Amino acid sequence: MISLHDITKVYHTRKGPRRVLDNVSMVIEKGEKVGVLGPNGAGKSTLMRIVSGAEQPTRGRVERAMSVSWPLGFVGGFQSTLTGYDNLKFISRIYGQSHQALLPYIQDFSELGHYLFEPVKSYSAGMRARLAFAISMAIDFDCLIIDEVIAVGDQRFQEKSRNELLNKRREKSMVIITHEMHFIRENCTVVYVVDHGKLIRFPDIDEGISYHENSFRR
Amino acid sequence: MSDLIGSLRVEGRVIYALLMREVLTRYGRHNIGFLWLFVEPMLFTGGVAAIWSALKAVHGTTLPIVAFAITGYSSILLWRNMTFRCIGSLLPNLSLMYHRNIKPFDIYLSRLILEIVGATTSFAVLSIVFGVFTTYITWPENVAELIAGWLLLAWFGMALAIFLGALSEDFEFIEKIWHPGQYLLVPLSGAAFQVDSLPTSVQHLALLLPTVSGLEIVREGFFGSKFRAHYDVPYVIWFNAVLTILGLLQLRKMSRSVTPE
């Protein structure tokens, strides 16, 4: 379980402080699939980073009894002068896992072949994303963070990663940010809408989606 | 208690991972690889020692110039490289914050450990090489005292690096002013003079910089009987402790506002 208690996040901008999240709370249970909706810049990603611990709230308390992934397919964490395998080693060390044990899975899933032993800077965007996705799957997180779903690689790889994520990892908790409403409808068990710093919970998915679409349509 | 051991284990893992990443990124696997970590400062110190010997550039000392240069420049590299490695080091590493166990402190600590290992190895290797193969350097008279002085210098360097590093994330101008700042500090740091040769009236002023005391202790450990040292250990400890606390406070403040992309 992850719970956020009375979280406030203030960013300092040139026009003065901006309250992105205003005293919000949420609970993510084991196995729950949480969809987060809201217009661009509403604070969805900020909420995500506070959930994952990448960022500290200005006020409030986070209790985390589950391990949380980085945003799936996030490629920014790679050191591009190092090889894919060196980056895998680094992440394995951080999470206390054996990189030898993870290697076969990574090789098989990322389909990088001998490129795994070349510097990441020589990879195409799709190759980086494949490596990042494979590593995110290999480390066994309790809660997966998905920011703008899985546009990883080509059509076939996308289907493969969706299958890996949604079928093989059904029991995991997930926090999902996306503008694809059908994805939310098909996969989420609860929806939160970020609205002017507040967080509104909708146990009924369709209700949440229509609130989102009515409030933020121009 | 088991919580504490668990956290320490995680911390150790994270620091080790960051160290390996930093070494590979900086030195790669080509030619001599990580040996650059101490070969680079050795070349620097060795070069300075050569120039000083050629020019007889050291003021007011009867001590062997090579030994004087090696103690002086090694100590400068110790605190100066630490600050350079920490200032502005967070921005290019912000994405690492997505791994919840990595904190800004860990990035600093891994870099500080690398610099201490590099500068210390360089100092030790140079002293031994010159001590064994030449007559420029005699074996240190009091190794324990030498190490104590070195540790005080390293502590000062770590505290300064964390303070300036954490400050530089909030105020960009820190990076700008530290370049001239460190340059001005070098001649005042005690590397190229000995306190005893200064006029009595300015000796206590020289000791206001903790590096001067630290270096005097190192040199007393090295030369002992041939050297009249001036230092103020309680002052250095106070100075370092206050700087450490300021550094950690600023680090805490800065860490709370870190925002990865």
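Q: Before anything else, when are two residues in contact here?
A: Two residues are in contact if their C-beta atoms, placed from the backbone, lie within 7 Å. Keep in mind that this is a predicted model.

Q: OK, so in chain B, what share of the contacts with a separation of 6 or more comes from residues 24 or more positions apart?
A: Such residues account for 75% of those contacts in chain B.

Q: What is chain B built from, helices or strands?
A: Chain B has nine helices and zero strands. Along the sequence that reads α-α-α-α-α-α-α-α-α.

Q: What radius of gyration does chain B have, and what would a compact globule have?
A: Chain B has 19 Å. A compact globule of 261 residues would have a radius of gyration near 18 Å, so the value for chain B agrees.

Q: And what box do its C-alpha atoms fill?
A: Taken along the principal axes, the C-alpha atoms of chain B fill a box of roughly 55 × 45 × 40 Å.

Q: How many of the residues in chain B count as buried?
A: The buried share is 39% of the 261 residues of chain B.

Q: Switching to the interface: how many residues of each chain are in contact with the other?
A: On chain A there are 19 residues, and they are in contact with 21 residues of chain B.

Q: Which elements of chain A supply at least two residues each to that side?
A: Helix 1 (44-52), strand 5 (68-71) and helix 2 (84-94) of chain A do. Helix 2 of chain A gives the most, with four residues.

Q: What kinds of residues are on the side of chain A that touches chain B?
A: That side of chain A has seven nonpolar, eight polar and four charged residues.

Technical notes
Residues numbered from 1 in each chain as written. Chains lettered and ligands numbered in written order. Predicted model: local features only at pLDDT ≥ 70, side-chain atom pairs only at ≥ 80, totals over all residues. Rg over C-alpha atoms; globule rule 2.2 N^0.38 Å. Buried ≥ 20, exposed ≤ 12 C-beta atoms within 10 Å, placed from the backbone. Nonpolar A, V, L, I, M, F, W, Y, C, P; charged D, E, K, R; others polar.
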